[in-house]
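Dear colleague,

I am passing on the structure below, and I would be grateful if you could look through it with the notes that follow.

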Amino acid sequence: MDILANLDFYTAFKYLVPSLIDGLWIVLQATIFGFLLAMILGLFIAIGRISKFKILRGILTVILEFIRGTPLLVQLVYMYYVVPLLISMIVQLWNPGYQFRISSLTAGILGLGINYGCYISEVIRSSILAIEIGQTEAALALGLTNTQLLVRIIIPQALRNVVPVFGNYLVMMLKDTSLLAYVAVSELLLRTQSYASQSFLTIESYTLLAIAYLILSLPLSQLVKMLEKKMQKFN
């Protein structure tokens, strides 16, 4: 009861919320650019996985299994701490003294984009394979090349069919930006941890953090549901 009596949400709100608002821009950058990267990678990986080149399919399968078999947090840490060292070691073979550096936010965006891109690629690939073979045969009969068939007919339909799934992945990525705190990105969680350690207002700080993520994710989730209903009517 003494703990409840000593709660000071007003002070936490007064000093933490402005910092969270500043961190919101970091979260939006990581989510938007990370998701764009995931979409681009997902599309190219999906196309590669259904290509006729066995070596390419094999390489992409190994990459997918590695990414999906390791935690996102480990991938983020690897991207921020290990990848720059590996690149530096390789470049130093002909350029001694070279040091490759990457910002924590860039590493976070790359980590999120690569991780989600692998999952999104499977969604796109499944959607492509679900398209009726008759459309492919008709397009080829009309004289379209394989590239024209893919760009004009297959990909637009595949992407349209999985738009609601993309929305769900976007919401998930927004929440997963909290993991960027572990690679020194000054987003919402890291700012909350810093304030809580200084003010000792632990309950208040993390409660406000949870509310902040609810405020961000709930409207986005509702938007995704509305979009899903519209897509169902359209189909």
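Which residues form a nonpolar patch on the surface? In this predicted model, the patch is made up of Trp25, Leu28, Ile32, Phe33 and Leu36, which together have about 520 Å² of accessible area. Trp25 lies in helix 2, which covers residues 9–49, and Trp25 is exposed, its relative accessible area being 56%.

Thr31 is also found in helix 2, but here the relative accessibility is 5%, so Thr31 counts as buried, the cut-off being under 20%. Leaving out residues up to four places away in sequence, Thr31 touches Leu170, Met173, Leu174 and Thr177. Of these, Met173 and Leu174 are listed among the buried residues of helix 8, as are Pro164, Phe166, Gly167, Tyr169 and Val171. Helix 8 has 14 residues, which at 1.5 Å a residue should span 20 Å, and its end C-alpha atoms are indeed 20 Å apart.

Turning to the interior, the largest nonpolar core has 26 residues, and those with the most contacts inside it are Leu112, Tyr116, Ile120 and Leu180. Two or more residues come from each of helix 2, helix 4 (72–91), helix 5 (104–129), helix 7 (146–161) and helix 8 (163–176), with helix 5 giving the most, at eight residues. Leu180, once its neighbours within four places in sequence are set aside, is in contact with Ala30, Leu76, Gly108, Leu112, Val185 and Glu187. There is also a second, separate core of 15 residues, which includes Ala12, Leu208, Leu209 and Tyr213.

As for charged pairs, a search of the whole structure finds three salt bridges. Arg49 pairs with Glu122, the closest N and O atoms being 3.3 Å apart, and this pair links distant parts of the chain, since Arg49 is in helix 2 and Glu122 is in helix 5, 73 residues apart. Glu122 also meets Arg125 in a salt bridge (3.2 Å, N to O); these two are three residues apart in helix 5, so about one helical turn separates them. Arg49, Glu122 and Arg125 are thus linked in a network of salt bridges. Arg49 counts as buried at 18% relative accessibility, Glu122 is buried at 14%, and Arg125 is buried as well.

The remaining salt bridge joins Arg68 to Glu65, with the closest N and O atoms 3.1 Å apart. Both are in helix 3 (residues 54–68), three residues apart and so separated by about one helical turn. Arg68 counts as partly exposed, at 33% relative accessibility, and Glu65 likewise counts as partly exposed, at 47%.

With best regards

Note on methods: Residues numbered from 1 in each chain as written. Predicted model: local features only at pLDDT ≥ 70, side-chain atom pairs only at ≥ 80, totals over all residues. Heavy atoms only, no water. Patch = residues over 30% accessible without salt bridge, like charges linked within 9 Å, V, L, I, M, F, W, Y side chains within 5 Å. Areas by Shrake-Rupley, 256 points an atom, 1.4 Å probe, with all protein chains shown as cover. Salt bridge = Lys/Arg side-chain N within 4 Å of Asp/Glu carboxyl O. Helix = DSSP H or I, 4+ residues; strand = E, 2+ residues; numbered from the N terminus. Buried < 20%, exposed > 50% of the residue type's maximum accessible area, 1.4 Å probe, protein only. Core = buried A, V, L, I, M, F, W, Y, C linked by side-chain atoms within 4.5 Å. Contact = heavy atoms within 4.5 Å. Expected span 1.5 Å × (residues − 1).
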